[in-house]
Amino acid sequence: MSAHSHENCQALLGTLSEYIDGELPADLCKEIEKHLEGCENCRIVVNTTRRTIDLVQAPQQSEALPDDVRERLFKRLNLDTYLREKLSNGQGG
Ligand SMILES: [Zn+2]
């Protein structure tokens, strides 16, 4: 068994919004997806973020969200804090 390094989680979070937006190159997407397969923490973060974005970008609203709204959304999710807590809680096991 090879334990994956949680340092990757931090790097992944840095590109998360672009990944979800589909703005990352395919190579990078593959790396992220590979990491997600082995890291439930990051999967939860991605899923939560995706859901939230889906809600915000509901088809009823034909107008796209301004960038700053989406930026505030990501900040509100506190992904950094969430993952840090997860990691510090989930040591060992
Ligand atoms: Zn991770």
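**Notebook: helices, core and Leu28**

I looked up burial first: of the 93 residues of the chain, 11% count as buried (20 or more other C-beta atoms within 10 Å of the residue's own, with 12 or fewer for exposed, partly exposed in between, and C-beta atoms placed from the backbone). The model is predicted, so I note that local features need pLDDT of at least 70, side-chain atom pairs count only at pLDDT 80 or more, and totals for chains, interfaces and linings use all residues. Residues are numbered from 1 along each chain as its sequence is written.

I then listed the elements and found 6 helices and 0 strands (DSSP runs numbered from the N terminus: H or I of at least four residues for helices, E of at least two for strands).

I looked for the largest nonpolar core (buried Ala, Val, Leu, Ile, Met, Phe, Trp, Tyr and Cys residues joined through C-beta atoms within 7 Å). It has 8 residues: Leu12, Leu13, Leu16, Tyr19, Ile32, Cys42, Val45 and Val46. H1 (7-14), H2 (16-21) and H4 (40-56) each supply at least two of them, and H4 gives the largest share, 3 residues.

I checked Ile32 for contacts (C-beta atoms, placed from the backbone, within 7 Å). Leaving aside neighbours within four places in sequence, Ile32 is in contact with Leu12 and Tyr19.

I turned to helix H3, residues 26-38, and found it hardly covered, with 1 buried residue among its 13. Leu28 lies in H3. Why is Leu28 partly exposed? Leu28 is partly exposed because 14 other C-beta atoms lie within 10 Å. I also took the C-alpha separation of Leu28 and Thr15, which is 9.4 Å for residues 13 apart along the chain.

Key:
Two residues are in contact if their C-beta atoms, placed from the backbone, lie within 7 Å.
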